[in-house]
Structure formats: C-alpha cells, structure tokens
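Take a look at the sequence and the 3D structure below. The report after it goes through selected sites in turn.

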Amino acid sequence: MIFTQPIFLFFFLVCFLVHWSLPGHRAQKNWLLACSYFFYGYWDWRFLFLIAVSTGIDFAAGRSLHASQDPRLRRLIVTLSLCSNLGILGFSQYFNFFVVPGAQLASLLGISLDPTTLETNLPVGRRFGTVRSTRYTLDLYRGQLQPVRSLRDFALYVSFFPQLVAGPIVRARGFLPQLVQPPIFAEVEARKYLLLFLAGFFKKACLADQIAAVIDPVFTGPENFGSLDLALSSLLYSVQIYCDFSGYSDMAIAVAGLLGYRLVKNFDFPYLSQNIQVFWQRWHISLSTWLRDYLYIPLGGSRHGESKTLRNLMITMLLGGLWHGANMTFVVWGALHGAALVVHRYFMKWRGSEKPPAATEGGALARGIALAATLVTFIWVTFCFTVFRSPSIGAARDYFANLIKSTESSHLNLDWWLLLILLGGTHFVFSRYARGLGEWVRGISDLRFYFAYGAAWAIMVAFIPRHSAPFIYFQF
Amino acid sequence: MHEGSTQRRAIVRNLLLFLGGAGLASALLFPLLRRESPVAPFAEATLAQSKTCQVLFVGPSYVKSQIDVKIVDAEARIAGAPIRSCKFGVEALRAYELELWLERLMDAEWPVLELVVIDVTLGNRPAMIKRNHFTRRTLDWHTLAGIPAILGAYLGRPESITQSLPNLRIHLAHVFVNRFSVGQGAGRMSQLKLIEGLRPSQEPQLAVDQSDEKPGPRAKPLRKEDPPRVSLAVQRAAKRAAAQRKKEVAARQEEKLAEFVQELNEADDEGRRGENGYHLRLREIVRARGAETLFLFAPVGYVVDLPDLVERVSAPLMLMNFNDPRKYPELFRLEVRKRGGPSHLNSNGTELYSKLIAREIARQR
C-alpha cells in the first residue's frame, strides 16, 4: 500500500473519519496503532513480528536505562539495544557485501574460501526504523529524554504509519510529547495539509513516475543513447529522486498533520543551494540531522583541529552512503559528497567567508555569481546521483564514458528539456512565494476551497500514469 | 458531544464539496480527453450502410467471421424473400459491451431496418481477463450508465458474492478510470512534441494508453537468392507430422462433439436456462428504432444458456439456435469446423451457416 494508490486513499479516509469520531485520546491512540500495524502488515504480515520484537526490546532497554545509574550497566544496555537493531539490519543487508569481497581477497592471498551468500529480503523501510529506534535509545542514554511509560505510546512512535516506511525520521523528543496531549480537530490546519498532500501526490505521480518511464531505459542501456540523452537523463533523475522522495515526505507530513500530529520538514528547496554544505542542510533534513547528531559530533565534529574535522566529514558521509544499501555505488556517492564538503570547507577558509552571497541580493555580478554557484552545486549533485542510480560502479563508468563520446543519435523527446527549464523556474518562483500562497488559501471560503480542491484532484488524475512505480526510498 | 457533531457536519459538508468539484471538473474534462475505442472503426463501417440495410447482424467473432452477408442476401433472394443485410461483428463482443454498441448503432438513422439479428451465444457475463484490464476497449464500455447492467450480470450467479467481489472491484475501478479520464492527459501531453521541429524524436515516450490489438511481428518474405532452409527429406517428414497432427485434432474434435451432444441432452433434461433481463433490454433498444429482434446462437459445440422462450408480459422472444447438432448435423461435421479452434467454422462452414441463416430469416419473415 503506497500513498498514491487508491487503496491507501480509502484506508486513510476510514482511518481519518474513525480517528476524529472516537471519544477519548486513548481510543484514538489504540486506533492509530491498529491502523499502523495494518498498514505495515499489508506488505507482508510477517514484518509485524519483527517490528513488535524490535519495539519490545527498545522499550525494555529504555526502562532499564532509566532505572540504572551504573555507567557500565547503562553502556551494556545501550549496546545490546543497538546490536539488536543494527544486527537485523546488518545481517540481512550487508552480509553479502562483506563476505564476497572478503572471500575474493582471501583467494588473492592463496586461501580458498567458499562463501555462503544469503538470499534475504529486508522488510520495507527497515533502515528508517533502525534509525528511529536507535535515536530513542541514544537520547535516553545521553539523558536528553525521559523514557516513555506506556508501551502503546512507544509502539505508536515506532510504527506511526505516515512516517513508518520512508520517513521523515522523527525525533522521539519531538514526537512522544505529542502523544501526551490529545490532538484537537479545530487546531488542525486542514487546508495546509490537504494542499501539501496534493503537492506531494503531484510530484510523485505526475512527475517522478512519468520521468521514471522515460529514463529507466537510458540507465539500463546507456550505450544505445546519445550524449544529449544521457545528459538529459542524469538531470531528469535528479528531478525524479527529488520529486519522489520529497513528494513522499510531503504526503507523510500531510497525513500525520490531518490526524493531529506534526512531523519535521524533510526538504527545503535543496536544488537552490549555492554550495554543498547548504545542500545537506536542505536535503533529507531528518537523516542529515541524525548523521550530524549521532555520527559527526560523537566522532569529534570540528572540535579537534582541521585534519580530524575533514576525517569526520568523510567518515560521516561514507556511512551515510552505506546506510542506503550494500552497493559500492552508494559508498562512492557518499565519498563524493564527503570530498565535496572537504573541498567546500577549504574554499570557504581560503575565501575567508562562511556565508555565500544570496541570489536575490547585491548587484548583477553578485547575483550572477550566486546563480553560477547554484548551477555548479546542482550539476555536482546530479553527477553524484548518476553514480547513485547506476546498478554498479562499472555501469556508472560506462554511462559517463558514453556521455562524453557517444556517437548514437538522440532518441528522447526534446520536450523534456523544456519541462526541465519549466520545473526549474517553477521551483524558484515557488520557493519565494509559497508563504504568500498559503496565506491567500487561508483567506478563501470553505465552499471555494473544497470545490476547487476537488477540481484540482480531478485534473491531476488525468495526468498520472495508471500504474505507479514504488517510491525510490522504500528500498531503504 | 456537541463539538463532535459540528465536526462531523463540517467533514461531511467539505467532503461533498470536494466530490462536487471533482465531479464537475471530470465531467468537463471527459469530452476533451475522451479515448476512442478500437471498436469504433468497425461501427463506422457498419453505419456507412445504415441507409440501405434491412437486416443487421450484431455479435462477436461468430458474426464477424462466420456470417457472409453477400451469401445471406443471395440465399434469401433464392428463398423468395430478398433482403439487404449488413453486419457489426467484433471479437468477444458480449454482455454490456454488446448492449452499449447496439445502443450506439441504433442512435443512427436506419430508414429501412426491419430486423436486428443479435448473436448472444457468449451470454451476458462480462469476460474480464487480466490481459484486457484497463485497455482502451475495456475502459470504453465501463460507463456510469452501464453500472447496473454490469453489476446485474453477477447477480443470480452460482458463485458467492465473495468470489464475485474481485470482479466487481475491478469493474468499479474501470468505471472510475474511464469517467475521471485517468492518465488520458498524460497520454495527450506525450503526443505534443512542442519542440519536435528541431530533430525527429523516437521511442521511448510517455506511454500510457495501450492498444488492444497490436500487430504481431511480420515474417520475412523468402527471397529467390535465399538458400533452401531444409532438405527435401526433412520437408516430407514435416508434412507427415502435420498430417498426423491433423488426424489427431480431428479425432479430438470428434470426441468433443460427442461429449457436447451428451451434455446438451443432459442440460435439456435439467432445463438449463439463462436470465431474460439482458435479452429483453436488447430487444427494447431495437424496438425503439421500430425494428424486431432475432436472437442467434452460433454452432459453437458447447452448452450455452438459452433465454426462456416466452416472455412474461408480451410476445415470445424470437430465437434461432444453431447450436444443436440434432437439428443441424451438417454444421458439426469435421469438414466445416476450424482446425485448432473447434468452436468456430471454416470457410465451408461459413458458407453453409450463412445459407441456413438466410433460409431461417426468410421463413420467419
């Protein structure tokens, strides 16, 4: 069940109507927990055991951490909790990644090994679940959070269906307090969330899915396409992954919001960033915050001199890449971003300024520089995403080789270039006027809003493909 | 709970407004984005003869490939009742799709139309095989007006409602997709090619719509300079094998026909009959044009549900049942049946069947 399927819309309608009809807060939470388990079990009911066991272990670990004052015991508890979470993830997803190269290395040294590879399927969204659970345990360990008393509340935090499979990764200290006070229907900004859902649906179904149908054949056989096609496909993939993932995040935030719960913002116009550091402050914000708080800062952050800061940046980005899956393309993607952050840091130091010029400030020269910086950042991000999208490092190398010296003629419809320019322009305009639009929408009558909203949906469904592709980030 | 009831009222009102907006917009978009059914060209060909046609045949492949209107006209003339006939035959045309196309045909002017012969051998149950889901042809007949007829076909079936539910769900999904023009705009956009003038563009494109009948790959014609592909001995062996296969097919068909006769006798004993409602609706559509209806059952060689012969309220249904080897043994001889497709007739069978139909029509007129 994905957010763009009719079955989800029906499921959510029932969930929403029953949720706001129930008389007490407890009943509402029980209902949401049941809905969340139904939502997750809809993929495969066996996943429910995994999420239930993981919830039980982390809840018990939280209670034990709170009860114990002994530092050694607390370390042991947090280690056990982390091992249980990372163990499932690591064993099922990274076993083959390390075992096969290990055996190859051994054979180079003259040792013959017959590695046993595993055929395992990671439950959908398990990486997000792991990050969410570890966040709770680590916050408790650091004393930044009080343990939750109710197992039901904790289970709802772990399994809350809008953010269950692909984020945004909520902080326990941001979400758990929301479970204490009952949500109030009158305080729900229904229009804002309905529009956000519509926008997310549009990005996913009308843009990402359509683009996927065009560029998938290019990434499968780049040798059959011309240089212009390959360049276009790389750019379009950047649009696809943004629309797919931010579309999902928008819908998740909207669905939670309509039920009376707030989730954190996950994207903030990342392609308008003027450097790679700003990009990472605006792209997948909930994950980059997690990487900063639970990897970069514990490694020492920027507190121990320049060389260690650069090392910490590289380690954080490499692990961030590896989090996406057991493929060298993800590791290289992380390394490329890490390298870009290092270069950016050196550049800023050389320039003697921390802040880039704003695109809308200063004279024509400053604006031109800002625009060039934005373009360079976008092209670099696109280059990295091309590696990320390729099935292997060899395939990525072939892709770029063909991009430079392909003799094939161009096959793709040229209108996609036009669309790319239009999307870029719309993205920029929207980043400046989104707030004003929101205020205007708040001012119109119910009759006009809901009637127009219905009409907008009717127009939108005419522009979606009948078979939607799964969300890219579901595999994570 | 006062607050609760206000809340519920607000939700219901907003939901209704939403549905109103969606309904109005989709109604306005529908004619703009309407998808043409691949059946439409067949209807156009039939309608081109509407001014002169006296007897119209409507039905599935049993009409399309087994009734030759020229033979029918010639035979009717010999029988002393000259007619001018035409036909509308489309593969697997049945149930509500047949009803809808009959309505569309009858919307035109038929100044001399006397009789509409409708082949209802395939019955009133829609065939929703997965391969045809969401094709242009299947979507076309899933109209809002058709919902009662489509759902009605499932009532009174021996299957339980739980068995029919998946089909009902898929029918409703088709009505939604058709009525809300889902994906139609995307299909149109992909054909725009705004900056196409710069350079020719080739596939892949946005491909939303699927054609129902895609041509298969063409065989390459053998050229003079091509070397012989197989030796003479191999060709002879292949011929012998083909003859053997023909014999086997004939034997199987013979067995099948024998089974059919036995099954038909048993069915008669049990009084196997279908529902009348569908047939009465078809007759009403034709009557509104001032013509009469004759229901036709093709010689398919398996038991089909026949409607009750007597209508409860008015005249009896007129019916020609050729699916009866006791009455029409000549239609069930192996020489007139198609090899490999035993429910259909070959060209000899088509000639014979067309003549029999012409004589029967002449007799009933």
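With which side chain does the side chain of B:Thr121 make a polar contact? The partner is the side chain of B:Asp119, at 2.5 Å. The model is predicted, and the values here are computed from it.

**The B:Thr121 site**

B:Thr121 sits in the loop between strand 3 (115–119) and helix 6 (136–140) of chain B. Its relative accessibility is 5%, so B:Thr121 counts as buried. A polar atom of the B:Thr121 side chain also lies 2.9 Å from the backbone nitrogen of B:Ala298. Leaving aside residues up to four places away in sequence, B:Thr121 touches B:Tyr62, B:Leu296, B:Phe297, B:Ala298, B:Val300 and B:Val304. B:Ala298 thus appears both as a touching residue and as the owner of that backbone nitrogen.

**Positive phi in chain B**

Most residues other than glycine have a negative phi. B:Phe134 has a positive phi of about 60°, although it is not a glycine. B:Phe134 is placed in the loop between strand 3 and helix 6 of chain B. B:Thr121 is found in that loop too. With a relative accessible area of 15%, B:Phe134 is buried; the cut-off for buried is under 20%.

B:Ser181 also has a positive phi, near 50°, and is a residue other than glycine. Its place is the loop between helix 8 (161–179) and helix 9 (184–190) of chain B. B:Ser181 counts as buried, at 1% relative accessibility.

**Cysteines**

How many disulfides does the structure hold over all chains? There is one. B:Cys53 and B:Cys86 form a disulfide, with their sulfur atoms 2.1 Å apart. The torsion about the S-S bond of B:Cys53 and B:Cys86 is about -95°, so the disulfide is left-handed. B:Cys53 lies in the loop between helix 2 (40–47) and strand 1 (55–59) of chain B, while B:Cys86 lies in strand 2 (residues 85–89) of chain B. The pair therefore ties together parts that are 33 residues apart in sequence.

A:Cys35 is in no disulfide. The nearest cysteine sulfur belongs to A:Cys15 and is 3.7 Å away. A disulfide needs sulfur atoms within 2.5 Å, so a distance of 3.7 Å does not qualify. For A:Cys206, the closest cysteine sulfur is in A:Cys243, 10 Å away, which is too far for a bond.

How buried are these cysteines? The table lists relative accessible areas.

| Residue | Relative accessible area | Class |
|---|---|---|
| B:Cys53 | 1% | buried |
| B:Cys86 | 1% | buried |
| A:Cys35 | 5% | buried |
| A:Cys206 | 8% | buried |

**Chain B overall**

Chain B has 12 helices and seven strands. Of its 365 residues, 45% are buried. Among contacts in chain B with a separation of 6 or more, 79% join residues 24 or more positions apart. The exposed area of chain B is about 20300 Å². Carbon and sulfur atoms supply 57% of that area.

**Chain A: a surface patch and an enclosed helix**

Which residues form a nonpolar patch on the surface with about 280 Å² of accessible area together? They are A:Ile7, A:Phe38 and A:Tyr42. A:Phe38 is in helix 2 (residues 25–41) of chain A. At 45% relative accessibility, A:Phe38 counts as partly exposed.

Helix 11 (residues 285–296) of chain A has 11 of its 12 residues buried, so it is largely enclosed by the rest of the structure. The buried residues include A:Ile285, A:Leu287, A:Trp290, A:Leu291 and A:Leu295. A:Ser286, A:Ser288, A:Thr289 and A:Asp293 are also among them. The tyrosines A:Tyr294 and A:Tyr296 are buried as well.

**A:Asp216 and A:Tyr237**

A:Asp216 is in helix 8 (residues 190–220) of chain A. It is partly exposed, with a relative accessible area of 32%. How far apart are A:Asp216 and A:Tyr237 in space, C-alpha to C-alpha? The distance is 9.2 Å, and the two are 21 residues apart in sequence.

Note on methods. Residues numbered from 1 in each chain as written. Chains lettered and ligands numbered in written order. Predicted model: local features only at pLDDT ≥ 70, side-chain atom pairs only at ≥ 80, totals over all residues. Heavy atoms only, no water. Patch = residues over 30% accessible without salt bridge, like charges linked within 9 Å, V, L, I, M, F, W, Y side chains within 5 Å. Areas by Shrake-Rupley, 256 points an atom, 1.4 Å probe, with all protein chains shown as cover. Salt bridge = Lys/Arg side-chain N within 4 Å of Asp/Glu carboxyl O. Helix = DSSP H or I, 4+ residues; strand = E, 2+ residues; numbered from the N terminus. Buried < 20%, exposed > 50% of the residue type's maximum accessible area, 1.4 Å probe, protein only. Polar contact = N/O pair within 3.5 Å; in protein donor to acceptor, adjacent residues only side chain to side chain. Contact = heavy atoms within 4.5 Å.
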